[in-house]
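Biologist: Before we go through the strands and the interface, could you show me how you would read them, one feature at a time?

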2 protein chains.
Amino acid sequence: MFHRFEVVKTCPQTKARAGVLTTPHGIVPTPVFLPVGSQGTIKTLTPDELKYLGVTILLGNAYHLYLRPGIEVIEQSGGLHRFISWDGPILTDSGGYQLFSLASLCRVSEQGVVFTSHIDGSEHFLTPELMIQLQERLGSDIMMTFDQCPYGETVTEVREAMERTHRWAQRCQRSQQRKDQALYGIVQGGIFPQLRQESAKLLASLGFPGYAIGGLSLGETKQVMLTILAETTAYLPEDKPRYLMGVGSPEDLLECVALGIDIFDSALPTRIARNGALLTPQGRVNIRNSCWRMQDRAPDWGCNCYTCRTFSAAYLHHLFKCEELLAYRLATIHNLHFIIRLMEQIREAILSGTFTSFKDEFLAPYHSTSEEVRLTQKRKWLASRSIT
Amino acid sequence: MFHRFEVVKTCPQTKARAGVLTTPHGIVPTPVFLPVGSQGTIKTLTPDELKYLGVTILLGNAYHLYLRPGIEVIEQSGGLHRFISWDGPILTDSGGYQLFSLASLCRVSEQGVVFTSHIDGSEHFLTPELMIQLQERLGSDIMMTFDQCPYGETVTEVREAMERTHRWAQRCQRSQQRKDQALYGIVQGGIFPQLRQESAKLLASLGFPGYAIGGLSLGETKQVMLTILAETTAYLPEDKPRYLMGVGSPEDLLECVALGIDIFDSALPTRIARNGALLTPQGRVNIRNSCWRMQDRAPDWGCNCYTCRTFSAAYLHHLFKCEELLAYRLATIHNLHFIIRLMEQIREAILSGTFTSFKDEFLAPYHSTSEEVRLTQKRKWLASRSIT
């Protein structure tokens, strides 16, 4: 077997679990966070730096790579691993979500999606079968099914997209050729518990080696997200990995691990880094703030990352003020280190049976971004990505 | 003595020489190229990477650092070395040239220069004495005198600026307090051989530990630059280092080493890298060109830099097309490696008595940027830097 997942230990108080995910390109201890490298690069960093940071698995995006540089370029290079020079595991999202949010003039039929590229306006037609073929040519370790995001918010609209997602999931499954790649199914169903339950049950009956939960963290409140998540994981098999797509703030990672999630990806830690927001045990701080101008100490006391070991907050502040490219890189290193280390600590806590106390101790001093600010930012970001 | 310069070997056919420059922060084999870190960073790179690339000495710019982050910030951090986390030698340009080209509303008097910051429009007054004080607070290994760039191109205008530069050089010298920093004088005189000769002689009589040649590579033809250079070095002491400011293309480095230059700085290799231009033994190539799209081989055959060892030309092409930040970093690594390695080869050739044949062999396959293109680019770049 190329792929295997074992739950090593479960938390007695929550649904948190520590596991080991085996892939053709290496072993991934879970829970795990995947940095986002949609275009074949974790912005600003080299593969060497990712290894050094303790990153075990990366996310790529078939939709992005299909449009640029084109799958044929990557295939000719010997696949995605060789193209980006990363010999560890890679999970590729099919890019259903990106397609619906970035491309213009999307027309969905049962057969597939006709859309216009957000880059050059060229027209394309993608089907579930083609999406699997593209991911097989990329050669990722884990592929995702092609899902349809709901257009509207009514239960009828969400159900329609969900049912199509189920049919597409089966078509993806049937079209899979390569046996060395694992194909995960994606649960949809919006914010309707009944639909989520139905979706989880149906996908589980199809026997995927792993299950993703899509369509969350898209502007709903945190409470709604956690409720829906609990409703969903309850119907997914215990012995298969569960992947929550698009979630990556420290507080969300802790809450969602507690609900039984094993795999996460999010551009959040790296995106906010490029805006100067650094993750610290007290919450996010913005290094562009003038209070840092004269601070001759590490940006984050006690942090052991390259940035904090090497430079002062004043220097980082200066680089951001000058819009120097090194600024974005140093902040990215810090935030990824913070998240990777958090995941390691979470796993250690689960293994030693102290997850709930670790969670409480982490969250006590951690000043979460307020719900209002969070939603405003999220909606603004989502809006900025849609091309009208 | 904190500072020492020894000529180890001279070329029998040309004026090229190999030397050793000793500074408080380390030893610098010459001829040497200094990457430009005006704002306290070699764009995109960390100090670790610079060390790994074989960089032995960096250039900082007192004018830039005075405006941002402010000398007091750097001083409080324990000086420029600690602020940027570079423990090797640093040479700081006073920034006379940058002041005259970047600042608006410059008013020069015998006393000094009143100018308006190109960043926030604030008004400042800088004198030769203050420029030395600033560089002493920065704590660089080598400081530069404050020179005045000529406003016009007539011999009278150039002479006036040159004579003021001489008076300012003496004021700089008299105001120097710290004995652990070396202060180099700057020869001016435009493209007039007579003025250059006069300037070199006068500065030499003042007994500086090193001499810079300013005001060249500013739009004059290559032939004029080389003629003026030969006229100047002839009147500078043999036993002191000679620094040609602002020159850094491979072909210019070879020609100017042959005329007896020991030290160079230029933003060219790193600036063109960020535009996708890579230096190769055949000349510059632009990786953005579509011919690279499917090239599954190193951007530069036979190059041993991290970029060429790790990634294909197709990948680099892809990163540039996507405007990914990693692109600028990987190209910068390659170009700096190319230039540093070239300087090492030049030195080895001088030491082994084969400089002229090395020079000929390097230049034979090297397709230099045509004089016309070069001048157009240079003038465009100079124009883009002046604020009107």
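Modeller: Let us start with one pair of strands, keeping in mind that this is a predicted model. In chain B, strand β1(B) is joined to strand β2 (residues 17–23) by six bridges, and the two run antiparallel. Within that pairing, B:Glu6 stands opposite B:Val20 of β2(B).

Biologist: What is the strand order of the open sheet of three strands in chain B, and how are its strands paired?

Modeller: The order is β1-β2-β3 in chain B, with antiparallel pairing. Because β1 (4–10) and β3 (26–30) of chain B stand at the edges with a single partner strand each, one side of each has no neighbour in the sheet. From one strand to the next, the twist averages 15°.

Biologist: Which helix lies across β1, β2 and β3 of chain B, and at what angle does it run to β2(B)?

Modeller: That is helix α14 (residues 325–351) of chain B, which lies across these three strands and runs at about 115° to β2(B).

Biologist: How should I read the side chains along a strand, taking β8 (residues 113–116) of chain B as the case?

Modeller: The general idea is that in a regular strand the side chains alternate between the two faces of the sheet. In β8(B), B:Val113 and B:Phe115 point to one face and are buried, whereas B:Val114 and B:Thr116 point to the other face and are not buried.

Biologist: Which strands pair with β8(B), and over how many bridges?

Modeller: Strand β7 (residues 104–108) of chain B pairs with β8(B) in the antiparallel sense over three bridges, with B:Ser104 opposite B:Thr116. On to the next pairing: four bridges join β8(B) to strand β9 (residues 123–126) of chain B, again antiparallel, and here the buried B:Phe115 has B:His124 as its bridge partner in β9(B).

Biologist: How many residues lie between the strands of each hairpin, β7(B) with β8(B) and β8(B) with β9(B)?

Modeller: Four residues lie between β7(B) and β8(B), while six lie between β8(B) and β9(B), where B:Gly121 in the turn has a positive phi of about 75°.

Biologist: Turning to the interface, how many residues of chain B are in contact with chain A, and which helices supply them?

Modeller: In chain B, 30 residues are in contact with 30 residues of chain A. On the side of chain B that touches chain A, α3 (71–76), α4 (80–84), α13 (313–321) and α14 of chain B each supply at least two residues, and the largest share, five residues, comes from α13(B). By residue type, this side of chain B divides into 14 nonpolar, 10 polar and six charged residues.

Terms used
Residues numbered from 1 in each chain as written. Chains lettered and ligands numbered in written order. Predicted model: local features only at pLDDT ≥ 70, side-chain atom pairs only at ≥ 80, totals over all residues. Pairing = 2+ DSSP bridges. Axes fitted to C-alpha atoms, helices over the stretch in contact; angles between N-to-C directions. Contact = placed C-beta atoms within 7 Å. Buried ≥ 20, exposed ≤ 12 C-beta atoms within 10 Å, placed from the backbone. Nonpolar A, V, L, I, M, F, W, Y, C, P; charged D, E, K, R; others polar.
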